[in-house]
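Visitor: Please take a close look at the side-chain contacts, aromatic rings and charged pairs alike. A connected account would be welcome.

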Amino acid sequence: MATEILMPALSPTMEEGTLAKWLVKEGDTVSSGDILAEIETDKATMEFEAVDEGVIGKILIPEGTEGVKVNTAIAVLLAEGESADDVAAAAPAAKEAPTAEAPAAPAPAVAAAAPQEAPKVDETPDWPEGTALKQQTVREALRDAMAEEMRRTDEVYLMGEEVAEYQGAYKISQGLLDEFGSKRVIDTPITEHGFAGIAVGSAFGGLMPIVEFMTFNFAMQAIDQIINSAAKTLYMSGGQMGCPIVFRGPNGAAARVGAQHSQDYAAWYMQIPGLKVAMPYSASDAKGLLKSAIRDPNPVIFLENEILYGRSFDVPDLDDYTVPFGKARIWREGSDVTIVSFGIGMTYALEAAEKLAEDGISAEVIDLRTLRPMDLPTVIKSVMKTNRLVTVEEGWPQGSVGSYIASEVMQQAFDYLDAPVVTCTGKDVPMPYAANLEKHALVTTDEVIAAVKQVTYR
Amino acid sequence: MAARKTTKKPNVSAEELTSHYREMLLIRRFEEKAGQLYGMGLIGGFCHLYIGQEAVVVGLEAAAEEGDKRITSYRDHGHMLACGMDPDGVMAELTGREGGYSKGKGGSMHMFSKEKHFYGGHGIVGAQVPLGAGLAFADKYKGNGRVTFAYFGDGAANQGQIYETFNMAALWQLPVIFVIENNQYAMGTAQARSTSTPELFTRGEAFGIPGEAVDGMNVLTVKDAGERAVAHCRAGKGPYILEVKTYRYRGHSMSDPAKYRTREEVQKMRSERDPIEQVREMLLTGKHASEDDLKAIDKEIKDIVNKSADFSKESPEPHLDELWTDIYAETIPQHSA
């Protein structure tokens with residue numbers, strides 16, 4: 001059957017072009033790959049090749065014609081035994097693609113009305129009443145979480161710089177090499193980009209890696225593999241290929257280590273669909289969340305803090321203690337203001353609440369624990385009670401976690417706010433080295449207290 | 001480490017030659033059709049055709065065994081067809097339809113098949129190389145004897161992560177074959193303008209990884225080299241590098257007019273070195289097949305490709321609910337293979 005040769009689109013945006021030159025004439029025999037014509041667009045001149053074999057029966061658009069629309073028939077190709085008279089019966093141009101009907105699913109709520117009743121919140125306690133507790137540092141809790149999960153399944157392994165023989169740059173992996181051997185506790189060369197990629201590939205291949213970054217500052221070398229490979233593959237594969245992996249290590253400022261070693265990445269990773277992000281404050285959360293992270297079928301960014309490693313907290317003495325993602329923890333109930341924080345920011349939030357109580361201001365303090373998913377219902381429910389909100393974090397102000405929370409609370413609970421939300425953040429500067437400057441660059445308890453007084457008009 | 005060039009011509013059966021012919025022709029015709037559908041606006045975005053390079057994947061797939069893995073860059077249609085993925089599903093992914101391998105959500109550059117052990121389809125130049133070493137890491141960890149083919153181009157061969165990966169792959173003796181598909185142009189930059197030393201197969205020497213250069217226009221020499229590489233990896237000797245010298249006839253992507261080389265250069269390659277013509281010649285001169293036999297194969301391939309094009313037009317666009325699925329998994333999909 002005679003087929004029409006159509007004006008091709010040579011780029012996704014091309015709508016029309018110039019048929020600059022025919023390189024074949026009527027009566028020529030052509031086969032796949034032969035160059036038929038030169039087509040000019042505003043960007044380039046491209047050669048246009050034959051796909052089917054046959055004889056050029058008729059040239060419909062002469063060379064030199066400008067403004068030829070894409071998909072216009074420009075010539076007719078005859079199959080064996082056909083004549084140019086068959087041209088009139090040539091096949092019609094491609095018809096439009098069938099289009100899916102159905103409306104879009106969860107569209108973001110636009111200008112949602114203020115909720116009539118408080119959102120539903122999971123208020124089950126982290127551990128049953130009467131559970132025995134033991135004092136543990138965050139460091140020990142993290143190690144126990146990894147050890148327990150590595151005992152649970154062989155598919156879990158730990159990889160990173162100095163995690164094995166050195167026992168961890170911050171001693172988080174103490175004892176793991178002895179217990180699990182060098183096959184499962186693996187020292188890497190200093191090559192974050194490469195080993196992050198290898199770990200992601202091994203997750204595609206069926207393992208469940210834990211990657212320790214000596215600090216998250218160095219994970220910037222690996223961020224392409226974290227975002228483009230780990231976070232997006234499930235979606236890009238239509239659900240065929242997941243990436244169960246944990247990237248963990250200390251994040252944020254330590255002390256006096258300067259600008260390149262003192263950055264909080266919470267807001268960066270929180271933005272990425274496909275990633276989950278945890279940033280625990282206490283030892284029990286460090287343990288319970290890390291165990292959940294290792295079991296999670298998705299890539300998890302687990303942001304620890306060097307200063308918190310040595311702090312002790314109550315940890316439930318249970319065989320298998322986990323904390324679910326997306327469930328905030330209310331550390332302190334209050335009625336005058338809601339303070340929301342996570343990670344080391346909680347130290348300032350809790351200190352401020354303590355001091356505010358002395359002034360007769362009752363602050364409710366919420367630890368988000370995970371930033372993606374984020375337990376906004378707990379925050380909104382609290383704001384509906386206190387009508388005031390302050391957020392606390394060490395990261396930079398522009399595009400901060402606090403600015404996201406403020407925007408969500410404004411959209412979902414505007415009518416309940418009696419004052420603009422105040423976001424307490426680190427200062428908008430690279431971290432200085434000098435002790436006095438560093439102290440000022442970080443968020444402080446006094447700033448949190450001042451913010452609370454501002455929103456409570458005291 | 002031994003770095004050698006090979007010229008040996010292996011013995012080959014008629015069935016084998018015919019099968020190479022059929023597989024290479026499928027890729028060629030499929031890509032031509034994809035180019036046509038792109039021209040009609042049915043395929044959007046980036047579309048990188050494999051025309052000219054067919055002998056590379058067909059030769060190496062002939063050296064692979066069931067369960068071996070492969071991973072490559074965005075010029076991936078040939079790899080998928082060669083490892084046995086369904087042309088309908090590939091073409092429908094190109095047109096962004098529900099029947100595509102990624103339900104229309106991945107596109108030309110992002111497709112996967114658990115069943116055929118094809119791990120993508122990656123859009124960031126060089127990123128698939130550590131991922132490939134990671135697949136090999138998992139296989140070594142499990143001790144299952146599988147090898148992974150990690151394909152990348154001469155352009156990617158200058159990415160830093162390749163050398164980070166070479167180091168660890170050699171250090172940990174990972175069963176991975178690094179296949180450098182040297183088609184001589186990194187988009188518009190000829191190899192001599194981007195690469196300080198021309199012999200890419202020697203790039204592993206500093207890490208103790210053996211490598212060899214292979215005529216990538218000849219499917220039999222590719223297969224032969226592939227078998228040596230597979231045997232090396234399978235024997236637990238660690239990684240191996242194959243620099244397969246090939247040529248792409250078309251531009252880097254559909255919107256590349258390829259003005260950085262002459263039409264004569266392309267024509268010379270097509271008329272003197274074409275991988276399909278070479279096998280066709282062998283089949284005819286060796287009296288393994290008649291013109292009629294080959295015509296029948298051409299027809300059969302054309303029908304497969306036309307069917308895939310029809311499927312890719314008829315398959316509906318993904319349901320809008322699909323926008324919100326496959327962002328997080330409830331279970332690990334590859335564990336339920």
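Guide: Two rings of Phe, Tyr or Trp (its six-membered ring) count as a pair if their centres lie within 6.5 Å; planes under 30 degrees apart are stacked, those over 60 are edge-to-face, and the rest are tilted. The model is predicted, so local features need pLDDT of at least 70 and side-chain atom pairs count only at pLDDT 80 or more, while totals for chains, interfaces and linings use all residues. Residues are numbered from 1 along each chain as its sequence is written, chains are lettered from A and ligands numbered from 1 in the order in which they are written, and side-chain values use heavy atoms, leaving out hydrogens and water.

Ring pairs link A:Phe195, A:Phe213, A:Phe216, A:Phe247, A:Tyr265, A:Trp268 and A:Tyr269 into a cluster. Over all chains the count comes to 22 aromatic pairs. Within the cluster named above, A:Phe213 and A:Phe216 have ring centres 5.6 Å apart and planes at 65°, so this pair is edge-to-face. Both A:Phe213 and A:Phe216 are buried (under 20% relative accessible area, with exposed meaning over 50% and partly exposed in between; 1.4 Å probe, protein chains only).

In chain B, B:Phe137 and B:Trp172 also form an edge-to-face pair, 6.0 Å centre to centre with 65° between the planes. B:Phe137 belongs to helix H5 (residues 128–142) and B:Trp172 to the loop between helix H6 (160–171) and strand E5 (176–182), 35 residues apart. Helices (H or I, at least four residues) and strands (E, at least two) are DSSP runs, numbered from the N terminus. B:Phe137 and B:Trp172 are both buried.

Charges also sit over rings, which requires NZ of Lys or CZ of Arg within 6 Å of the ring centre and within 35 degrees of the ring normal. A:Lys183 lies over the face of B:Tyr141, 4.4 Å from the ring centre, and B:Arg261 over that of B:Tyr185, at 5.5 Å.

As for salt bridges (a side-chain nitrogen of Lys or Arg within 4 Å of a carboxyl oxygen of Asp or Glu), the structure holds 55 over all chains. One of them joins B:Arg250 and A:Glu49, with the closest N and O atoms 2.6 Å apart. This pair crosses between chains, from the loop between strand E9 (240–245) and helix H9 (263–273) of chain B to strand E5 (residues 45–49) of chain A. Both B:Arg250 and A:Glu49 are buried. The salt bridge of A:Asp28 and A:Lys25 has an N to O distance of 3.3 Å; A:Asp28 is partly exposed at 21%, and A:Lys25 is exposed at 55%.
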